Amino acid sequence: MGVFNKANQGTAQAGATIIAKGTTIIGGISTEGTVIIDGKFEGVILEADEISIGQTGEVVGDVKANNILVSGLFDGKIDCNVIQVLSTGKVIGEVTYHD
C-alpha cells in the first residue's frame, strides 16, 4: 500500500512534528497536531494542539497552542489555554493563558 493510496485521501490526521536534539530550525510552523521540541526553534508556531519543549529544547519566538509544556527554555510570547512549566523549565517573556 503506497503513501498516496486513494483510500487514504482526506483521512489523514495531524501527527507530531519533532525537532530533535542537535537540530535548529528558523521559520514558522502551522499545525493542528503536536510539536515536540528537543532542539532549537526560532520563529512562530500557530494553531498547534500541544507544544512540548523538552529539557534540551529552546524556543525563541511566538507560539499559539491549546496546551504548552515547558521543560526547557522559552523566550517570547505565549498564547494558550493551559501552560505547565516544570521545575527544569524557564519562561521569559509574555504569557497569556486560561489555566
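A strand here is a DSSP run of E of at least two residues, numbered from the N terminus. By that count Thr17 lies in strand β1. The model is a predicted one, and the paragraphs below go from the overall picture to single residues.

Start with the whole chain. The protein has seven strands and zero helices, so its order along the sequence, by the DSSP runs, reads simply β-β-β-β-β-β-β. Of its 99 residues, 30% are buried. The accessible surface adds up to about 6,100 Å², and carbon and sulfur atoms account for 50% of that. Contacts that span a long stretch of sequence are scarce in the count: taking residues at least 6 apart, just 1% of the contacts join residues at least 24 apart.

As for confidence, the average pLDDT of the protein is 90, and 86% of the residues reach at least 70. The stretch to watch is residues 4-12, where pLDDT is below 50 and the model shows two contacts beyond near neighbours in sequence. Where pLDDT is low, the predicted coordinates should not be read in detail.

Next comes the strand pairing. β5 and β6 run parallel and are joined by twelve bridges. One of the bridge pairs puts Gly61 opposite Gly76 in β6. On from there, β6 also pairs with β7 (residues 90-96), again in the parallel sense, over seven bridges. In that second pairing, Ile78 has Val95 of β7 as its bridge partner. β6 therefore pairs with β5 and with β7, given that two strands pair if DSSP finds at least two bridges between them.

The inside of the protein is where the nonpolar side chains gather. The largest nonpolar core holds 18 residues, and Ile37, Ile45, Ile51, Val63 and Ile68 have the most contacts inside it. At least two residues of this core come from each of β3 (34-37), β4 (40-53), β5 (58-70) and β6 (73-85). Ile45 gives a good look at how the pieces meet. Setting aside neighbours within four places in sequence, Ile45 is in contact with Ile29, Val35, Ile37, Ile51, Asp62, Val63 and Lys64. Among these partners, Ile37, Ile51 and Val63 are also on the list of residues with the most contacts inside the core.

Not every buried residue is a nonpolar one. Ser71 sits in the loop between β5 and β6. Its relative accessible area is 10%, so Ser71 counts as buried, the cut-off being under 20%. Which residues does Ser71 contact, leaving aside neighbours within four places in sequence? They are Ile53, Gly54 and Gln55, along with Leu86, Thr88 and Gly89.

Back towards the N terminus, Gly15 is in the segment before β1 (16-19). Gly15 is partly exposed, at 44% relative accessibility. Beyond residues up to four places away in sequence, Gly15 touches Gly33 and Thr34. The C-alpha atoms of Gly15 and Thr34 are 6.5 Å apart in space, with the two residues 19 apart in sequence. Thr34 turns up again with Thr17, which touches Ile29, Thr34, Val35 and Ile36 once residues up to four places away are left out. Thr17 is partly exposed as well, at 29% relative accessibility. From Thr17 to Ala48, 31 residues along the chain, the C-alpha separation is 10.0 Å.

Strand β4 has a backbone oddity to check on screen. Glu47 lies in β4, and its phi is near 60 degrees, a positive value in a residue other than glycine. Most residues other than glycine have a negative phi, and most peptide bonds are trans. Glu47 is partly exposed, at 47% relative accessibility.

Finally, the charged side chains. Side chains of opposite charge can pair when their charged atoms come close. How many salt bridges does the count give? The count comes to one, and in it the side chains of Lys40 and Glu42 meet at 3.5 Å, N to O. That distance makes the pair a salt bridge because the cut-off is within 4 Å. Both ends are partly exposed: Lys40 has 28% relative accessibility, and Glu42 has a relative accessible area of 27%.

Note on methods. Residues numbered from 1 in each chain as written. Predicted model: local features only at pLDDT ≥ 70, side-chain atom pairs only at ≥ 80, totals over all residues. Heavy atoms only, no water. Core = buried A, V, L, I, M, F, W, Y, C linked by side-chain atoms within 4.5 Å. Buried < 20%, exposed > 50% of the residue type's maximum accessible area, 1.4 Å probe, protein only. Helix = DSSP H or I, 4+ residues; strand = E, 2+ residues; numbered from the N terminus. Contact = heavy atoms within 4.5 Å. Areas by Shrake-Rupley, 256 points an atom, 1.4 Å probe, with all protein chains shown as cover. pLDDT = per-residue confidence, 0-100.
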